[in-house]
Amino acid sequence: MTEPSVIAVGTPQSFRQTLARSLEVESEEVGWVQSATSAEELLVAGREPIDVLVLSPELKEPDALGLAEFVGRVAPATAIIMVRDHTWNGLLPAAMRAGIRDVVDMTQGSEELRDAVERAIQWAANLRSLQVQTADRPTLRGSIFSVFSSKGGAGKTFLTTNLATAIAEISGRDTAVVDLDVDMGDVFTYFGLEPAHQLQDLIELGEGAEHDRVMQTAVRLGEHLYGFGAVPDPAAQVPAGEVVGKFLRTLRNSFSYVVVDASADYTDLALACFDLSDAVCLVTGLDVVGVKHLSKALETLLSIGLPREKFRVVLNRADSKVGLDSTDVERVMKIQVDAMIPSSRLVPMSLNKGRPVYLDEPQSDVSTAIRHLAKRFIGAAEAEDAAVAFNGSKPTKKKRGLFARS
Ligand SMILES: Nc1ncnc2c1ncn2[C@@H]1O[C@H](COP(=O)(O)OP(=O)(O)OP(=O)(O)O)[C@@H](O)[C@H]1O
Ligand SMILES: [Mg+2]
């Protein structure tokens, strides 16, 4: 029999140690992922069965309940235990209805948690001996690339729209461009269009919507290129991260490539998007404030458990004569710059025309830089596809199964 697998879910990373201490095991014997969305990814990957997910007190309740719903459908032999560090306000009935096996109050000491985990392991083992569960695997699993900058106006939307356009053109495969900048999204403006749907229409697609249904909420933006975005509505309730994760996974089942304009803050939306992204472009202009912002953003994102190899640094307007160059940036940020996109008046001109510069001026330096970046992304995705064909699963950096994020 294999060792029981117990995964701590949610920040801070020290929750893993807390859990391991209460179970009286070494922390390496407990897995850890930073969010509900990452836990769902682990279950979708389905490399090894997971006995118990133990949810950190910091995991928000909507995310916990959404994860429980997902587990009930995709991995019903996995138990969920919720840890709280305060008394719950009516949470218990909702948790039980969602299929959460236990809610443990940490303030009562660690014994209660250990007992709950032991009971859950036993329950999972019994269930597994009765049935072999296999989750439905989608036939297509596209790659998700997101574009982020913690400072406004750095060129996030410009890069998202042109990168998506280039990826669709070069690969000849269906590509989605998604506006997650729900307050001030302007992805569609770069194509001379306006979004027609409400945020709720997109979110309601949820998990596993049929391809036809997905396409009903898409706006055709060009050859092989489809846009997903909502009319800005300040009154709309911002969806939970876990819900956005389900939406993005649905898009990934319908499109070979999904390129996302993530919001400029560390919203739950943006974090769920990073969890699912195969690569995250961090964009900055060449000014000291912008570079410092980016350096801080990278530090923050690494501190919540995102792996460093996910990030690509893109310098926008990189030829500006402003006294900073890429070596200064590499020195401050201590990481390599992956792409440099020159400044060009063609960018605002194309925005005013409502046509991506990549299509309008394909021979320009700006388009050439974007083409290089797009080819690298497509190349990396194709290498992964080849590995899937060969091994049957996406490769992980560390071959340690469940503990890949450790
Ligand atoms: N390489 C470039 N050369 C010239 N102008 C550029 C370049 N990149 C972006 N711009 C211009 O800078 C402005 C801001 O770009 P963009 O809309 O992409 O920023 P953003 O990061 O999405 O901003 P926000 O935070 O408001 O969403 C736009 O007017 C765009 O035309
Ligand atoms: Mg923008």
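User: Two strands pair if DSSP finds at least two bridges between them, right? In which sense do strand β6 and strand β10 pair?

Analyst: Strand β6 (residues 143–148) and strand β10 (residues 257–261) pair in the parallel sense, over five bridges. Helices (H or I, at least four residues) and strands (E, at least two) are DSSP runs, numbered from the N terminus. This is a predicted model, where local features need pLDDT of at least 70 and side-chain atom pairs pLDDT 80 or more, while totals for chains, interfaces and linings use all residues. Residues are numbered from 1 along each chain as its sequence is written, with chains lettered from A and ligands numbered from 1 in the order in which they are written.

User: Which residue of β10 is the bridge partner of S146?

Analyst: V260.

User: What's the strand order in the sheet of eight strands?

Analyst: The order is β8-β9-β7-β10-β6-β11-β12-β13, in an open sheet with mixed pairing. The edges are β8 (219–222) and β13 (339–341), and each pairs on one side only.

User: Which strands does helix α6 touch?

Analyst: Helix α6 (residues 156–171) packs on the sheet and touches several strands, including β6, β7 (175–179) and β10. Touching means C-beta atoms, placed from the backbone, within 7 Å. The direction of α6 makes about 170° with that of β10. Such angles run from 0 to 180 degrees between N-to-C directions, with axes fitted to C-alpha atoms, for helices over the stretch in contact.

User: And where does α11 lie?

Analyst: Helix α11 (residues 288–303) lies across β11 and β12, at about 155° to β11.

User: New topic. How many residues surround ligand 1, and which are the closest?

Analyst: There are 20, and the closest are G152, G155, K156, T157 and F158. Here near means a C-beta atom, placed from the backbone, within 6 Å. Both α6 and α13 (346–353) give two or more residues to that shell.

User: Is helix α2 mostly covered or uncovered?

Analyst: Mostly covered: seven of the ten residues in α2 (residues 36–45) are buried. Buried means 20 or more other C-beta atoms within 10 Å of a residue's own, all placed from the backbone.

User: Which ones are buried?

Analyst: A36, T37, S38, A39, E40, L42 and L43. What covers them includes β1 (6–9), α3 (61–74) and α9 (241–254).

User: What comes just after α2?

Analyst: G46, with a positive phi of about 55°.

User: Last one. What does L282 touch?

Analyst: Leaving out residues up to four places away in sequence, L282 touches F148, S149, L294, A297, L298, F311, V313 and V314.

Conventions:
Pairing = 2+ DSSP bridges. Contact = placed C-beta atoms within 7 Å. Buried ≥ 20, exposed ≤ 12 C-beta atoms within 10 Å, placed from the backbone.
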